[in-house]
Amino acid sequence: MLSRRAAAECVGTALLLATVVGSGIMGERLAGGSVGLALLANSIATGAVLAALILALGPISGAHLNPLVSVAAGWHGEVAWRETCGYVAAQVVGAVVGVVIANLMFELPAVSLATHARHGPAQWLSEFVASFGLLLVVRGCSRSAEPMRAALAVGGYIAAAYWFTSSTSFANPAVTLARALSDTFAGIRPADVPGFALAQLAGAAAAVAFAHWIAPPHVVRAAE
């Protein structure tokens, strides 16, 4: 049922955002002023929870947890467009709920607009690259019947992308929008959200096109 799959996407995305924002707050508080140490804690927690959520929710909804992944699945006919819209709505709601929960767990206002500036060509390029790589990994792993492979690949990629991109790899429009609601380590100014989202969409589209070119469906079927 769509309602159950959408619920899995909503709860999964909420837990992802609670981890992203919550580990950012905890890392910053315990790092003694070391931004690098705080980012290390943030990236490890995010990569680990992604792997866990993909293993737990993959059999139910596919554990997209990201509008980019859901739209790519819809484009390839793996999910009906009506269901894709339901997935995206559930992911956005879940992302916002997760941020609110993270804020409240650390005794902060439920919602506080972020003031962390993240803008400019370097940041947008970073989001393009982060999203391109993520979708390439996801599309590549979608042909595997081994859930552990996808979980480790996606979790590992995001943990790494925290460090090789200047934007710290949001790579998810729902995550980007929700993180504007927390004025903490993981936050992003609301004014910077559109630039990130556009770069993410462009990167995802390029990855889907590239993945289709290097491994067309008829070639993959023949190989199988």
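A salt bridge is a side-chain nitrogen of Lys or Arg within 4 Å of a carboxyl oxygen of Asp or Glu. With that in hand, we can start our walk through this structure, which is a predicted model. The structure holds 3 salt bridges, and they make good first landmarks. The idea behind them is simple: side chains of opposite charge can pair when their charged atoms come close.

Let us begin with E83 and R5, whose closest N and O atoms are 2.7 Å apart. This pair ties together distant parts of the chain, as E83 sits in helix α4 (residues 81-105) and R5 in helix α1, with their positions 78 residues apart in the sequence. Is E83 buried or exposed? E83 counts as buried because its relative accessibility is 17%, and the cut-off for buried is under 20%.

The next bridge joins the side chains of E78 and R139, with 2.6 Å from N to O. Here too the partners come from distant parts of the chain: E78 belongs to the loop between α3 and α4, while R139 belongs to helix α5, 61 residues away. The two ends of this bridge have their own surroundings. E78 is partly exposed, with a relative accessible area of 45%, whereas R139 has 8% relative accessibility and so counts as buried.

The remaining bridge to visit is formed by R189 and D192, whose side chains meet at 2.9 Å, N to O. R189 is partly exposed, at 29% relative accessible area, and D192 is buried, at 5%.

Now let us turn to the open space in the model. The largest pocket holds about 720 Å³ of space. Its lining is made up of 36 residues, and those closest to the pocket's centre are I54, G62, A63, V69 and V138. Several elements give two or more residues to this lining, namely α1 (2-30), α2, α3 (67-75), α5 (121-141), α6 (147-164) and α7 (173-179). Which of the elements gives the most to the lining of the largest pocket? That is α2, with 6 residues. Sorted by class, the lining has 22 nonpolar, 10 polar and 4 charged residues.

One of the residues closest to the pocket's centre, A63, deserves a second look. A63 lies in the loop between α2 and α3, and with a relative accessibility of 7% it counts as buried. Its backbone also stands out for a reader who is checking angles. Most residues other than glycine have a negative phi. The phi of A63, however, is near 50°, a positive value in a residue other than glycine.

A63 has a counterpart in E107, which has a positive phi of about 60° although it is not a glycine. You can find E107 in the loop between α4 and α5. Is E107 buried or exposed? With a relative accessible area of 76%, E107 is exposed, because exposed means over 50%.

Helix α2 gave the most to the pocket lining, and it also has a part on the surface. There, L37, L40, I44 and W163 form a nonpolar patch with about 400 Å² of accessible area together. Where does the largest share of the nonpolar patch come from? Helix α2 (residues 35-61) supplies that share, with 3 residues. I44 is a handy one to find: it is placed in helix α2, and it counts as exposed because its relative accessible area is 51%, just where the cut-off of over 50% is passed.

To finish, here are two places where residues far apart in the sequence can be compared in space. A102 is located in helix α4, and it is buried, with a relative accessible area of 0%. A102 and I25 are 77 residues apart in sequence, while their C-alpha atoms are 8.7 Å apart in space. The other place is at G133, found in helix α5. G133 is buried as well, with a relative accessible area of 11%. Between the C-alpha atoms of G133 and A206 there are 9.8 Å, although the two residues are 73 residues apart along the chain.

Notes: Residues are numbered from 1 along each chain as its sequence is written. This is a predicted model: local features need pLDDT of at least 70, side-chain atom pairs count only at pLDDT 80 or more; totals for chains, interfaces and linings use all residues. Side-chain values use heavy atoms; hydrogens and water are left out. Patches are made of residues with over 30% relative accessible area and no salt bridge: like charges are joined within 9 Å, nonpolar side chains (Val, Leu, Ile, Met, Phe, Trp, Tyr) within 5 Å. Accessible areas come from the Shrake-Rupley method with a 1.4 Å probe; for residues, only the protein chains shown count as cover. Helices (H or I, at least four residues) and strands (E, at least two) are DSSP runs, numbered from the N terminus. Buried means under 20% relative accessible area, exposed over 50%, partly exposed in between (1.4 Å probe, protein chains only). On a 1 Å grid over the protein atoms alone, a cavity is a set of points where a 1.4 Å probe fits but cannot get out, and a pocket is an open set with protein on both sides within 12 Å along at least five of seven lines; lining residues have an atom within 4 Å of a point. Grid points are joined across faces, edges and corners, and a volume is the space filled by probe spheres set on the points. Ala, Val, Leu, Ile, Met, Phe, Trp, Tyr, Cys and Pro count as nonpolar, Asp, Glu, Lys and Arg as charged, and the others, Gly among them, as polar.
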